Each structure stands twice: as structure tokens, then as C-alpha cells.
Amino acid sequence: MCIRDRWRQVGLQTTTTTSNVDFNIGLFNGYPSNNWSDNNDGKDLFFRITGKPGKSFFIFGNAWLGNAVLAESDDLSKNLYGGGILYEKSLSGNNMTINFRGEVLLGREETAAAENINSLGYYVNAGLKINPKVEFLIRYDRFDPNTKTSANGLKWITAGVNYYLEGQNVMFYLNYIRKINEVAAGFHDPKDDELVFQAQVFF
């Protein structure tokens, strides 16, 4: 759930790092994605602050202010506000590591019809790395695209394992995703669970 590069926009971002807090500020051309031309009056702004109260504990908050996207669109703004925590700790006496992270995102879309759409998403994730190469994880996600209506949300429960062949430079993921679709009375939740295998390579 990262919003730093929403819609793959073109722009600039700065990062300031200190011992206790980090700051990120970004200015982007705005919707649509990969928008090299400056065809709208508004700009998208990104702000993030990360507090570091402990060596392995981080608290962060961020905001994405998307203004005046396109003249022919009914959307006046698309804003996101969120925050979360990240904690990681090595267990004494062995190579095991536990980690926990969670994040909440609140969306607000203003339209010319004055019918604002509010959305809500959050997740919690826990992991146990039994050695430097193998990590087991479990995660719970929920997303409601419009909090004013019912029976339109999504819930995902994920259980998986990561294998780090060469740290994060070469790694493999295997996840089972239990998908729960909130549906209106009289309808059935489609059986759309997934078993996903992925590989990651970067240098």
C-alpha cells in the first residue's frame, strides 16, 4: 500500500534524514500516469514524516494531495491521508527475527457534482524469519472503496513464505490469498482465492 508513486507520475521528491526523524516532500505533474506533458493547472503534492523512537521502531504519517486532475474530468481532487508503524526485532541467542507492520489509508475524492467519495483501507502484517533465508508471514487487508455504501468491500487474508537467495536482491515469494468479497443479500461471494508465486531480482 505505498502512495509515494501514485499513478507512476513524473515529478521531483526530496528526502531529509536525521537521527530521530525523516522528511519526504514531492511535487508531481499529476494524473494520468507517466505524464510528461504539463496539461493541467494543478500539481500533486506528497508529504511524509517518519519518526524513529527506537532502533527498530518506526512511526510514519503521509499525505498525497492530488489537485485539479484533468479539465475534462469531473474529479476536482483525489487526496490520500495515512499513517502506520513498523517494528522489527532479532530474538536473542539465534538468527530468528520477528517483524510487525500496519498501515491505514483514508481517501477523499471531490467531484464537480459535490458528491464526495470517501474510501478506507488498512492492513496488518506479521512475519517470522527463522533464519536469514526463510521467512513466514501472515497478513490481513481490508479495503472499502466507498464508505457511504455497503456490500462493496474486500478482505484478503494472506499466508506465505519468502526465500531470500541473495538477500532482497534475489528472492522468491509463495502466497495463498483467501479473498472475501462483501456482497449484498442474495448474492454469493465468488470463489477467487489465489495461489501466487513470484520472483524478484534487482541490482
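This is a short tour of a predicted model, stop by stop, with a selection to make at each one.

**The whole chain**

Start with the cartoon view and colour it by secondary structure. You will find 11 strands and 0 helices, so named because helices and strands are read as DSSP runs and numbered from the N terminus. Switch on a surface next: the accessible surface comes to about 12600 Å², and 59% of it belongs to carbon and sulfur atoms. Of the 203 residues in the protein, 31% are buried. Among contacts between residues at least 6 apart in sequence, 41% join residues at least 24 apart.

**Stop 1: a stacked pair, Phe28 and Trp64**

Go back to the cartoon and show the aromatic side chains; the structure holds 5 aromatic pairs. Select phenylalanine 28 and tryptophan 64, whose rings are stacked with 5.1 Å centre to centre and 20° between the planes. Phenylalanine 28 sits in strand β2 (residues 21-28) and tryptophan 64 in strand β4 (residues 57-67), so this pair ties together parts 36 residues apart in sequence. Are these two residues buried or exposed? Both phenylalanine 28 and tryptophan 64 are buried. Add Phe46 to the selection, and you have a cluster in which ring pairs link Phe28, Phe46 and Trp64.

**Stop 2: the salt bridge Asp22–Lys52**

Stay with strand β2 and select aspartate 22, which lies in that strand, together with lysine 52 in strand β3 (residues 44-54); the two are 30 residues apart. Their side chains meet in a salt bridge of 2.9 Å, N to O. Aspartate 22 and lysine 52 are both buried. This is one of the 8 salt bridges that the structure holds.

**Stop 3: a nonpolar patch on the surface**

Bring the surface back and select Ile59, Ile85, Tyr87, Ile98, Phe100 and Val124, which make a nonpolar patch of about 440 Å². Strands β5 (75-90) and β6 (97-111) each supply at least two residues of this patch. Zoom in on phenylalanine 100 in strand β6. Its relative accessibility is 34%, so phenylalanine 100 counts as partly exposed.

Now select alanine 126, in strand β7 (residues 117-129). Alanine 126 touches Phe100, and also Asn99, Phe136, Leu137 and Ile138, leaving out residues up to four places away in sequence. Try a distance label from alanine 126 to isoleucine 98, a member of the patch: the C-alpha atoms are 7.5 Å apart, although the residues are 28 apart in sequence. Alanine 126 is partly exposed because its relative accessible area is 32%.

**Stop 4: strand β8, Asp141 and Arg142**

Which residues does aspartate 141 contact beyond its neighbours within four places in sequence? Select aspartate 141 in strand β8 (residues 134-144), and you can pick out Tyr122, Tyr123, Leu154, Lys155 and Trp156. Its side chain also joins that of arginine 139 through a polar contact of 2.9 Å. With a relative accessible area of 12%, aspartate 141 is buried.

Move on to arginine 142, whose side chain meets that of glutamate 182 in a salt bridge of 2.9 Å, N to O. Arginine 142 lies in strand β8 and glutamate 182 in the loop between β10 and β11, so the pair ties together parts 40 residues apart in sequence. At 17% relative accessibility, arginine 142 counts as buried, while glutamate 182, at 22%, counts as partly exposed. Add Lys155 to see a network of salt bridges linking Arg142, Lys155 and Glu182.

**Stop 5: Lys179 and its surroundings**

Select lysine 179 in strand β10. Lysine 179 forms a salt bridge with glutamate 194, the closest N and O atoms being 2.8 Å apart. Glutamate 194 is in strand β11, 15 residues away. Lysine 179 is buried because its relative accessible area is 10%, whereas glutamate 194, at 34%, counts as partly exposed. Show everything lysine 179 touches, not counting residues up to four places away in sequence: Lys155, Trp156, Asp189, Asp192, Asp193 and Glu194. Lys155 and Trp156 also appeared at the previous stop, as contacts of aspartate 141.

Notes:
Residues numbered from 1 in each chain as written. Predicted model: local features only at pLDDT ≥ 70, side-chain atom pairs only at ≥ 80, totals over all residues. Heavy atoms only, no water. Helix = DSSP H or I, 4+ residues; strand = E, 2+ residues; numbered from the N terminus. Buried < 20%, exposed > 50% of the residue type's maximum accessible area, 1.4 Å probe, protein only. Polar contact = N/O pair within 3.5 Å; in protein donor to acceptor, adjacent residues only side chain to side chain. Contact = heavy atoms within 4.5 Å. Patch = residues over 30% accessible without salt bridge, like charges linked within 9 Å, V, L, I, M, F, W, Y side chains within 5 Å. Areas by Shrake-Rupley, 256 points an atom, 1.4 Å probe, with all protein chains shown as cover. Salt bridge = Lys/Arg side-chain N within 4 Å of Asp/Glu carboxyl O. Phe/Tyr/Trp six-rings, centres within 6.5 Å; stacked < 30°, edge-to-face > 60°.
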